[in-house]
Every structure is written in C-alpha cells, then in structure tokens.
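Colleague: I should like to understand how the terms in a structural description are justified. May I put some questions to you about the structure shown here?

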Amino acid sequence: MLVFANPMFLWALTAAAIPLMLHMFQRRRTVVTPFPTLRFLKAAQKRSSSRVRFENFLLWLLRTLLLLALGFAFALPVLRTTTTGGSWLSRTRRDVAIVLDASYSMDYELDRGKVFEVCKDAAVSVIEGLLSGDRVCVYAAADTPIPVIEKPTTEHATVVQAIRALTCQPGSSKLDETVAVALHALEQQDGRREREVYILTDGQALPWQGFRDAAKKEEQTGGDKVKISREQRDKVSYFALLAGAQQPDNACPVDVKVSPSLMLAGQTARLNVRVGRTGSAKQITVAVDIEGQERGRRSVAAEADSEASVEFAVGGLEPGVHVAKVTTPQDALPEDNEFQFLLRVRKQLPVLLAGPKEATRYLKAALAPGATDDSVKQIDAAELDSTDLRDYQAVFLCDAFPLTGQSTIRIEDYAKTGGVVVIFPGDRADVPAYGDMKILPAPPTGTEDIPAEVAARPLKRIPNQKDQVVNFNLSLPPGSVPNVALKRILKFGDLQENAAVLITAGDGVPFMTGRAVGRGRVFMFGTSANRDWSSFPLTAFFLPVVHQLIRQGAGASVQPPHLVLGSNIPVNDAIPNYREDDVIAMPSGAQLSIKDGGNRTFFIENLSEPGICTRAKGGGQPEPVLAVNTDRFESHLTPVAVDELKEWTGFKKFLTAKDPEEMTRLINEYRNGRSLAEVFLWIALLLALLEWWFANRALRTQTGATEKMTVDLSGKVVTS
C-alpha cells in the first residue's frame with residue numbers, strides 16, 4: 001500500500017504539464033522556398049525532421065519524468081506492507097515518543113488489571129516492534145511533564161526497564177503539555193526520519209481538554225510554554241490507546257467544609273461533605289472517622305455524573321488536633337475513596353493583652369474569669385518587641401501608645417497575615433502617637449470631654465452596607481438598647497480604605513470602627529478599656545462585643561482543615577504558628593521544602609504527597625499540621641469521544657484504539673514499510689543528468705545533408 005506522509009505536495013505534479021506546453025509552443029514551422037532540383041533537398045529534410053521529432057519527444061519525456069519524480073519525492077511516499085515477504089520494505093528508521101498518562105485515575109481496576117499496567121505493557125510492545133536503529137523517548141504526563149527517557153535513544157532495553165519502574169502520580173495529567181515537550185525532543189534529533197507519537201491513557205476526557213483550550217492558554221501565558229506547531233500536527237503520526245473502561249463507575253468524597261472554622265471545646269462541629277459520582281445514579285454510603293473511630297454514617301442519593309451533599313454533626317471533641325477522614329465504599333478506583341482533614345479544637349481563644357495592668361484588668365476579668373485561664377496573657381507594651389504574636393488569635397492594645405517602631409511593624413505584619421488587632425485609647429497617648437500606625441480604620445484627630453448631662457448615650461450597631469469588607473454581626477436581644485455613660489471620647493477623621501463605622505454612641509458619633517487589612521482585621525474604640533473614659537467595661541454589652549471581635553477574624557487566621565496538592569503555597573495559609581526552624585515531615589517521612597520568598601514571607605515549594613504532614617516540637621511526639629488530598633477533578637472519569645479528540649487535537653494522522661490488540665493491529669498496518677522519498681530523489685538526479693547530457697548532445701553542431709551537397713562548374717548538385 002502506497003501512502004504519502006506529505007500529500008499536499010501532490011499538487012506539484014501538475015507541473016509535469018509545463019514541458020509539454022513549452023515543446024508545443026516551440027515547434028518549428030517549415031518555410032517553403034522555391035528552388036530548382038528539389039529531389040536531394042526533400043530527402044535531406046525528411047531525414048532531419050524525423051530525427052528532430054524523436055529528440056524533442058525524448059527531451060519532453062525526460063523533463064516530464066524529472067518534475068514527476070521531484071513532486072513524488074516531496075510528497076514523502078511510503079510503501080507499506082503487512083506480508084511476511086516484505087522485509088526489504090522495513091528499513092525506514094523512526095524517531096518515536098511515548099507519552100504515558102501517569103495520573104491516579106490510571107489505577108482504575110479492569111478485568112485484565114489496572115489501566116496503568118495495561119498501558120505500560122502496550123508501551124513495551126511498541127518498543128519491541130522497533131528496529132535496532134530506531135530511537136525512542138518516554139515522557140510521563142502528570143501535573144507537569146516528567147522526562148523518563150528525555151532524549152531519543154536506541155538503547156531499547158534501558159527504555160523498557162524505565163517504563164516498568166513507573167508508578168502513578170497523585171494528581172492529574174497534562175497531556176497537551178507533555179506531547180508538546182516530547183515533540184520538541186524529537187525535533188532536536190538529526191536525520192530525516194519518520195516521527196511517531198504514542199499517547200497511552202485511560203480515555204478520560206479531562207486530560208485531553210488541554211488541547212481544546214490550547215489557544216486560550218497560549219494567550220494567557222504569553223507563549224512561554226512549548227507549543228505544538230501546525231507542521232507537527234500535520235506531519236507527525238499519532239497513535240492513542242484509550243485503555244480505560246468504556247462505562248466507568250466511581251464515587252468519591254470531593255470536599256469537606258467544617259463549621260465553625262475555629263472550634264472551642266464543647267462545640268459541635270458541622271461537616272458538609274460533597275460526594276462526586278461518575279456513572280449511573282446510585283445510593284452511596286458516606287462515613288466519618290475521627291482518630292480511628294467511626295463517628296457517623298449516612299446514605300446519599302447521587303445522580304448520574306453529578307455531585308451530592310450530606311451533613312454530619314460531630315460533638316464531644318477534646319482540645320487538640322484531631323485527624324479525621326470521610327470515606328466512601330471501595331470501588332474500582334480505591335485511590336480517591338478517602339478524604340482526610342484536621343479538626344483543630346481549642347480550650348479557649350489565645351489572646352494577648354498589651355498595656356498597663358490598670359488599663360487591661362477589665363478585659364482580663366472578662367476573658368479569663370478567676371484569673372485561671374492561661375490562654376489570656378497580659379504584658380507591658382514594651383514587651384511587644386520580644387513577643388511572638390503568631391501564638392495569639394487576637395492582640396488588644398490598651399493604652400499602649402506610643403509604640404516603638406519595631407513594635408509598630410510587628411503589629412502591622414500580624415494583622416496583614418490574618419490576626420485581629422483591637423485598640424483602646426488611653427491617657428498616655430496624644431494624637432500624634434497614633435500617626436506611625438498605618439493600619440488604623442481612621443486617624444484620631446483629638447479627644448472630647450463629655451458633659452455629665454449628655455453622658456448617657458445609646459449604642460447602635462450600624463447595618464452592614466453593600467460592598468462593605470469588614471462586618472460586625474453581633475445580634476442583640478429583642479427590644480434591648482445598650483447604653484453607655486461617656487466621660488471622654490476619641491474623635492476620628494476620614495475613614496481609610498476598607499474601613500467602616502460599626503457602632504455609634506448617640507447621634508452618629510463613631511464609637512467603634514473597623515478595617516480589613518490583608519487577611520486580618522483592625523478594630524478601634526473611641527473609649528478606653530477601663531472606667532476612666534466610660535462605663536462601657538461595666539455594661540452587659542462589653543463581654544459579647546469583645547468575644548465577637550476575637551471571632552470576627554477567626555475564619556481569616558485559622559488554617560483550612562485540608563489542602564490540595566500544589567506548589568508555592570503561602571505558609572501562613574497552611575501551617576499554624578510556623579517558625580523558621582520548624583521541620584515539617586511529609587507522609588513518607590521526607591522533609592517538606594519551604595523557601596523564603598523575601599521579606600520574611602515563606603512558601604511551601606511543592607506539596608507533592610497526599611496524607612498527613614507532621615511537625616515535631618522539642619523532641620516530643622509529632623503533631624499533625626497539614627491534611628493533604630489529591631485534586632478530585634481527576635476523579636471525574638467521563639470518557640472522551642473519538643470525534644472530539646480529532647477536533648480538539650487537530651492531528652491530521654491520528655489513529656485511536658480501545659485495547660492493546662487493536663493498537664498492535666493499527667501499528668502493523670501503518671508501521672511496516674519503506675519511505676520512497678530518497679529513491680525518488682535519486683531518480684530525479686539521474687533524470688536531470690540524463691536530460692542535461694541529451695539536450696547538449698542534440699544541440700551539438702553537426703554537418704547536415706545540405707552542408708554535404710555542393711554545385712560543380714557545370715551546375716550539377718553533388719554530395720561530398
């Protein structure tokens with residue numbers, strides 16, 4: 001069977017008509033001239049005309065064959081055969097790239113084994129069918145392309161050994177990026193060879209969608225990534241093995257949300273579990289396990305190829321960090337049947353009070369009744385320079401101004417990374433003392449003494465406005481209007497960005513303002529935390545307001561119960577109270593790599609293992625700090641249609657198979673053969689040389705019949 005690797009050049013065969021047209025336009029016309037004694041001239045003309053016509057025919061034939069040979073050579077003809085007697089046709093050398101899908105969905109269990117093992121066996125079969133001079137490279141498609149055999153090599157035994165050692169990765173796969181990298185590796189090789197790419201996957205639609213979105217990705221990334229060119233799509237031969245189940249069946253926990261995000265001892269945790277389903281509608285049993293003990297089991301009806309939600313209530317948790325997981329029944333893909341998370345329970349919210357004892361004693365009494373709770377710590381403002389603020393959920397500054405420059409910077413950094421800062425003014429500070437603090441909701445402009453006759457003021461919570469970033473949602477008992485007796489109040493200037501007045505005292509007088517700063521919150525009162533400025537510490541409103549402020553930023557500063565595999569994750573978003581000397585161990589025991597991004601901002605370089613990461617403190621028992629799960633998008637096993645593949649990829653020569661046997665048949669039909677491009681180039685060269693020789697010979701000066709005839713003195717024509 002003759003096929004063409006570059007059939008577009010077949011249009012060049014129409015150039016074979018050019019020599020014919022030139023020869024027709026250049027035909028000689030006979031000029032009639034009267035002349036006596038024509039017998040000898042007619043005989044000479046007849047012999048000369050026959051020779052010229054024959055020479056012109058040969059030149060036309062040679063030139064036509066030359067153009068045809070060049071056209072066929074550039075069309076890259078390949079003569080293929082499936083017969084055993086065609087071994088002489090099997091000498092075409094190839095550069096082959098094997099792209100093996102290494103996502104965790106490839107561990108789907110079939111009757112013949114796991115899909116990944118089936119694809120590895122198919123890859124070995126492809127290599128065993130190569131000739132000794134054929135070169136092959138291997139890439140694994142994961143979240144990023146993995147070069148297994150980076151440069152094409154003829155060491156086939158080494159390649160087979162590397163394929164056998166491959167394992168699935170705990171993530172998704174980027175087939176488009178991996179194919180582009182593999183094609184780039186083939187392009188770097190010398191020699192004119194046939195190029196083939198084998199994509200071995202489970203037929204899941206998700207990894208192929210990168211081809212469909214390639215144009216959008218190139219626009220977003222500015223073209224930095226390796227791309228598949230139009231020439232590569234047209235000239236390279238592509239084979240795809242879609243070895244997965246034709247109708248996959250899978251169920252898995254997709255996500256878990258914990259409410260409240262910051263739990264105290266005695267509270268009940270509410271777990272909202274999302275369950276994903278691939279396949280027909282089915283009842284799925286979901287179980288919750290905490291510290292190895294089952295704490296709940298419920299059944300949820302999941303529709304076909306969709307998600308469903310189910311809720312659990314878990315109470316009676318002691319203070320500490322609890323390892324929990326949600327499980328679904330075992331199925332053909334066991335890698336996604338568990339979803340791990342952490343439940344962090346505190347005895348009391350850790351709070352730091354900074355300021356003189358007389359300014360903080362009411363707060364201390366409200367937050368730690370009986371002075372027995374060590375979660376509330378009181379220090380002098382001068383000690384802020386040496387105190388690690390990351391150990392506390394909230395920092396109260398009570399008559400603490402003026403602060404040193406170092407303390408101001410530490411407070412601002414603490415707020416930006418998710419902390420709650422609450423500021424109560426006092427007699428020690430004048431207005432300029434607040435000027436260095438750039439995170440205040442509004443700059444103080446002075447203080448005002450309140451006459452006794454207008455001292456009683458009702459406190460009013462201002463409703464949250466549209467697009468307001470910082471909110472205050474303390475609910476009051478029906479019909480109750482808290483009142484406060486003011487002696488002195490701090491006046492505020494214009495509100496800063498992301499700031500709002502949350503409580504007023506009387507007719508629009510700001511009593512408490514708030515501002516969102518980074519991931520944290522800053523609140524500032526217009527009165528002190530003791531009785532010197534008002535009766536606020538003695539009101540029933542004081543304790544609820546203080547507790548609400550601490551909880552206001554809890555969701556922003558508390559680490560999430562679980563993370564997804566990824567890279568460059570901010571440490572403050574993941575690990576509670578991280579310190580530079582902390583050693584975090586991944587589930588395998590390897591140390592988690594954390595890099596300094598500058599300005600004391602740290603990032604997790606690569607979170608590559610699912611499971612529970614731990615941290616050891618002072619040689620004690622390791623404590624869990626991270627629960628890591630795979631991205632459950634990979635668990636959507638909806639298969640792709642072959643027509644969609646051809647449209648998404650744009651590959652001109654693209655063959656697909658559903659099993660290794662069909663793949664082998666397609667390879668045998670396509671691979672066995674010899675490229676005839678070189679043969680046609682040699683033929684064109686020989687024809688060009690022959691045409692040059694024959695054309696020069698025909699034009700060489702020779703003595704014709706008329707030149708051989710002379711006239712003697714008597715007037716007779718004689719031949720010499």
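Colleague: Which residues form a nonpolar patch on the surface, and what makes it a patch?

Modeller: The model is a predicted one, in which local features need pLDDT of at least 70 and side-chain atom pairs count only at pLDDT 80 or more, while totals for chains, interfaces and linings use all residues. Residues are numbered from 1 along each chain as its sequence is written, and side-chain values use heavy atoms, with hydrogens and water left out. The patch consists of Trp682, Leu685, Leu686 and Leu689, which together have about 440 Å² of accessible area. A patch is made of residues with over 30% relative accessible area and no salt bridge; nonpolar side chains (Val, Leu, Ile, Met, Phe, Trp, Tyr) are joined within 5 Å, and like charges within 9 Å. Accessible areas come from the Shrake-Rupley method with a 1.4 Å probe, and for residues only the protein chains shown count as cover.

Colleague: Why is Trp682 called exposed?

Modeller: Its relative accessible area is 52%. Exposed means over 50%, buried means under 20%, and partly exposed lies in between (1.4 Å probe, protein chains only). Trp682 is therefore exposed. Trp682 lies in helix H15, residues 677-699; helices (H or I, at least four residues) and strands (E, at least two) are DSSP runs, numbered from the N terminus.

Colleague: How many helices and strands are there, and what share of the residues is buried?

Modeller: The secondary structure comes to 16 helices and 39 strands. Of the 720 residues, 47% count as buried. The protein exposes about 36500 Å², and carbon and sulfur atoms supply 53% of this area.

Colleague: What makes the pairing of Arg94 and Glu196 a salt bridge?

Modeller: In general, side chains of opposite charge can pair when their charged atoms come close. A salt bridge is a side-chain nitrogen of Lys or Arg within 4 Å of a carboxyl oxygen of Asp or Glu. The closest N and O atoms of Arg94 and Glu196 are 3.1 Å apart, so the pair meets the definition. Arg94 lies in strand S3 (residues 94-101) and Glu196 in strand S8 (residues 194-201), so the salt bridge ties together parts that are 102 residues apart in sequence. Both partners are buried. The structure holds 22 salt bridges.

Colleague: Are Arg212 and Asp213, which form a salt bridge, buried or partly exposed?

Modeller: The closest N and O atoms of Arg212 and Asp213 are 3.3 Å apart. Arg212 has 43% relative accessibility and therefore counts as partly exposed. Asp213, with a relative accessible area of 25%, is partly exposed as well.

Colleague: Which parts does the salt bridge between Lys325 and Glu338 tie together?

Modeller: The closest N and O atoms of Lys325 and Glu338 are 3.3 Å apart. Lys325 lies in strand S16 (residues 320-327) and Glu338 in strand S17 (residues 338-346), so the pair ties together parts that are 13 residues apart in sequence. Lys325 is partly exposed at 25%, and Glu338 is partly exposed at 37%. Elsewhere, salt bridges that share partners join Asp255, Lys257, Arg274 and Glu307 into one network.

Colleague: How do you know that Arg632 has no salt bridge?

Modeller: The nearest side chain of opposite charge, Asp336, is 5.4 Å away, so the cut-off for a salt bridge is not met. Here Lys and Arg count as positive and Asp and Glu as negative, while His and the chain ends are not counted. Arg632 is nevertheless buried, in the loop between strand S35 (623-629) and helix H13 (642-649).

Colleague: What polar contact joins the side chains of Arg632 and Thr630?

Modeller: The contact is one of 3.2 Å. A polar contact is a pair of N or O atoms within 3.5 Å; within protein, one must be able to donate a hydrogen and the other to accept it, and residues adjacent in sequence count only if both atoms are side-chain atoms. The backbone oxygen of Asp336 also lies 3.0 Å from a polar atom of the Arg632 side chain.

Colleague: Why is Asn498 called partly exposed?

Modeller: Its relative accessible area is 37%, so Asn498 is partly exposed. Asn498 has a positive phi of about 65° although it is not a glycine.
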